[in-house]
Amino acid sequence: MAAAAVVSAAACVAAWRAVPWQGRQSALVMATAMLLIAVSGGDPTVGLILGAALLVSAMLGTLGVRGTAAAATCCHRALVSLVMAICSFESLASGRPVAVTGGHDHGVGLSGVLSVLVIVGVIGVILWTVVAEWIVEPVHRGRVGRLLTVESWAMAGGVAVMCLGF
């Protein structure tokens with residue numbers, strides 16, 4: 001998870017001019033959150049604070065990008081931030097550490113609802129990544145295109161590992 005965070009953030013920073021500030025801040029906040037979760041051992045209180053930061057980052061990540069070439073990638077990053085925030089909130093609701101649990105509580109209640117949202121969100125992120133990389137015509141080509149592909153797959157892999165607890 002920590003390696004995916006570092007790879008994703010490094011690829012985003014390396015593609016600096018191709019990524020608007022909204023996308024850069026989102027990628028850096030996600031990477032920081034993943035690293036802090038890994039270092040903290042998945043403390044639910046840390047998950048609450050990071051969940052709130054990820055929600056704000058997701059909202060800022062789409063601010064003013066409508067109609068631009070970067071809108072789809074910024075929305076993809078915002079979705080990943082949102083799924084990570086829900087995963088963090090689920091750990092608080094269930095009392096289990098973030099990224100340490102192997103399973104989810106699918107029962108009735110807040111924890112069960114959040115578990116279902118996490119699983120649906122991770123599937124959505126992975127499907128979006130597949131569609132964006134293999135079906136939709138890429139906006140960027142060459143070195144920048146490769147960097148953004150690496151960032152996208154690292155984000156998807158990192159959020160899957162964090163939220164599904166592989």
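Six helices and 0 strands: that is the chain. The model is a predicted one. Read from the N terminus, the elements go α-α-α-α-α-α.

Some totals for the chain. There are 166 residues, and 43% of them count as buried. The accessible surface is about 7900 Å². Carbon and sulfur atoms hold 73% of that surface. Now contacts along the sequence. Take the contacts between residues at least 6 apart in sequence. Of those, 74% join residues at least 24 apart.

Next, the inside. In soluble globular proteins, nonpolar side chains tend to be buried together. Here the largest nonpolar core has 25 residues. Which of them touch the most other members? They are Val-80, Met-84, Val-159, Met-162 and Cys-163. And which elements give two or more residues to this core? The list runs α1 (2–14), α2 (21–40), α3 (44–61), α4 (71–94), α5 (110–134) and α6 (142–164). There is also a second core, separate, with 7 residues. Ala-11, Ala-15, Val-19 and Leu-148 are among them.

Let's go to one residue, Val-125. Find Val-125 in helix α5. Is Val-125 buried or exposed? Its relative accessibility is 0%, so Val-125 counts as buried. What does Val-125 touch, leaving aside neighbours within four places in sequence? The contacts are His-76, Leu-79, Val-80, Val-83, Ala-156 and Val-159. Two of these names, Val-80 and Val-159, came up a moment ago in the largest core. Look at His-76 too. Along the chain, His-76 and Val-125 are 49 residues apart. Their C-alpha atoms are separated by 7.3 Å.

Now the helix pairs. Two packed helices are described by the angle between their axes and the distance between the axes.

Start with α1 and α2. Their axes are 9 Å apart, and the packing angle is about 160°. An angle over 145 degrees counts as roughly antiparallel, so α1 is roughly antiparallel to α2. The crossing of this pair is left-handed. Who makes the contact? On the α1 side, Ala-2, Ala-5, Val-6, Ala-9, Cys-12 and Val-13. On the α2 side, the residues include Gly-23, Arg-24, Ala-27, Leu-28 and Ala-31. Met-34, Leu-35 and Ala-38 of α2 take part as well.

Move on to α2 and α3. Here the axes come within 9 Å and cross at roughly 170°. That makes α2 roughly antiparallel to α3. From α2, the contact includes Trp-21, Gln-22, Gln-25, Ser-26 and Val-29. Met-30, Ala-33, Leu-36, Ile-37 and Ser-40 of α2 belong to the contact too. From α3 come Val-46, Leu-50, Ala-53, Leu-54, Ser-57, Leu-60 and Gly-61.

Third pair: α2 and α6. The angle is about 35°, with the axes 12 Å apart. The crossing of α2 and α6 is left-handed. In α2, the residues are Ala-27, Met-30, Met-34 and Ile-37. They meet Glu-151, Met-155, Gly-158, Val-159 and Met-162 in α6.

That brings us to α6. Three residues there are worth a look.

Take Glu-151, which lies in helix α6. Buried or exposed? With 2% relative accessibility, Glu-151 counts as buried. Outside the residues up to four places away in sequence, Glu-151 touches Ser-8, Ala-11, Cys-12, Ala-27 and Arg-77.

Now Ser-152, also placed in helix α6. Its relative accessible area is 6%, so Ser-152 is buried. What does Ser-152 touch, not counting residues up to four places away in sequence? His-76, Thr-129 and Glu-133. His-76 is a name we met before, as a contact of Val-125.

Last one, Leu-147, again in helix α6. Its relative accessible area is 17%. Buried means under 20%, so Leu-147 is buried. Setting aside residues up to four places away in sequence, Leu-147 touches Ala-11, Ala-14 and Ala-15. Ala-11 and Ala-15 are among the members of the second core. And how far is Leu-147 from Ala-14? In sequence, 133 residues. In space, 7.3 Å, C-alpha to C-alpha.

Definitions and conventions:
Residues are numbered from 1 along each chain as its sequence is written. This is a predicted model: local features need pLDDT of at least 70, side-chain atom pairs count only at pLDDT 80 or more; totals for chains, interfaces and linings use all residues. Side-chain values use heavy atoms; hydrogens and water are left out. A nonpolar core is a set of buried Ala, Val, Leu, Ile, Met, Phe, Trp, Tyr and Cys residues joined through side-chain atoms within 4.5 Å. Buried means under 20% relative accessible area, exposed over 50%, partly exposed in between (1.4 Å probe, protein chains only). Helices (H or I, at least four residues) and strands (E, at least two) are DSSP runs, numbered from the N terminus. Contact means heavy atoms within 4.5 Å. Accessible areas come from the Shrake-Rupley method with a 1.4 Å probe; for residues, only the protein chains shown count as cover. Axes are lines fitted to C-alpha atoms, for helices over the stretch in contact, and angles run from 0 to 180 degrees between N-to-C directions. Angles under 35 degrees count as roughly parallel, over 145 as roughly antiparallel, 65 to 115 as roughly perpendicular and the rest as oblique. A crossing is left-handed if the near helix is turned anticlockwise from the far one by less than a right angle, and right-handed if clockwise.
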